[in-house]
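Here are my notes on the model you sent, set out as numbered points. I begin with one residue at the surface and then turn to the fold as a whole.

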Amino acid sequence: VSGLKMTKTKAAAPAKARKGSDRKGSKALGDRKNSSTNRSAVKNEFTIDCTTPANDGIFDTQILQGFEEYLKERIKVTGKTGQLTDKIKVGLTDSKIGVTTYVPFSKRYLKYLTKRYLKKKQLRDWLRVVSADKKTYELRYFNIHQDDEEDAE
């Protein structure tokens, strides 16, 4: 170590702060609020209209009541099935099933559960789930007659 000089190295400069962090009104990461946890009790009402198959006799009262029970058992609330409590209510009126939710809930999830129930009852080959409006799904038949007319030509 006779010919080597020991030199001091400069300490690394502190890392620059995030761009825009010195602006007024900007929030640090810890100050941001999660929008999904701050939602107040949002009431959503969804309906699944089963009148077409019910009028034709495919969906009788036993299948409709079974569908209502299926939804009550299978809808997940905070990752757990069968715990609807007061957050989600499922009810049957005539041939329509109403789902009222007081927590954030996806309409698409109802479509998924409806398709699973139809598959379970072996009705998925004849019925499809179609969105009638923003809050309603409707069970309709596949258009088989169009396919038969094209084959006949």
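1. Is Ile-144 buried, partly exposed or exposed, and what is its relative accessible area? In this predicted model, Ile-144 has a relative accessible area of 38% and is therefore partly exposed, since that class takes in residues between the 20% limit for buried and the 50% limit for exposed.

2. Ile-144 lies in helix H4, which covers residues 144-152, and together with Trp-126 and Phe-142 it makes a nonpolar surface patch of about 290 Å². Membership of such a patch asks for over 30% relative accessible area, and the 38% computed for Ile-144 is the value to set beside that cut-off.

3. On the overall architecture, the secondary structure of the protein comes to 4 helices and 7 strands, and reading along the sequence gives the pattern β-α-α-β-β-β-β-α-β-β-α. The protein has 153 residues, of which 26% count as buried.

4. Strand S1, made of residues 44-49, pairs with two partners, and these should be described separately. With strand S5 (residues 96-101) the strand S1 runs antiparallel, the two being joined by 6 bridges, and within this pairing Glu-45 stands opposite Thr-100 in S5. With S7, by contrast, S1 runs parallel and is joined by 3 bridges; here Thr-47 stands opposite Thr-136 in S7.

5. Strand S7 (residues 136-141) also pairs with strand S6 (residues 127-133), in the antiparallel sense and over 6 bridges. S6 and S7 form a hairpin with 2 residues between them, and across this pairing Leu-127 stands opposite Tyr-141 in S7. Strand S7 thus takes part both in the antiparallel pairing with S6 and in the parallel pairing with S1. When the side chains along these strands are inspected, one general point may help: in a regular strand, side chains alternate between the two faces of the sheet.

6. Which residues gather in a patch of positive charge on the surface? They are Arg-74, Arg-116, Lys-120 and Lys-121. Of these, Arg-116 lies in helix H3, which spans residues 107-120. Arg-116 has a relative accessibility of 36% and so counts as partly exposed, a value to be read against the requirement of over 30% that applies to patch residues.

7. In describing the surface, I would list the two patches separately: the nonpolar one made by Trp-126, Phe-142 and Ile-144, and the positive one that includes Arg-116.

Notes. Residues numbered from 1 in each chain as written. Predicted model: local features only at pLDDT ≥ 70, side-chain atom pairs only at ≥ 80, totals over all residues. Heavy atoms only, no water. Pairing = 2+ DSSP bridges. Patch = residues over 30% accessible without salt bridge, like charges linked within 9 Å, V, L, I, M, F, W, Y side chains within 5 Å. Areas by Shrake-Rupley, 256 points an atom, 1.4 Å probe, with all protein chains shown as cover. Salt bridge = Lys/Arg side-chain N within 4 Å of Asp/Glu carboxyl O. Lys, Arg positive; Asp, Glu negative; His and termini not counted. Charge placed at Lys NZ, Arg CZ, Asp CG, Glu CD. Buried < 20%, exposed > 50% of the residue type's maximum accessible area, 1.4 Å probe, protein only.
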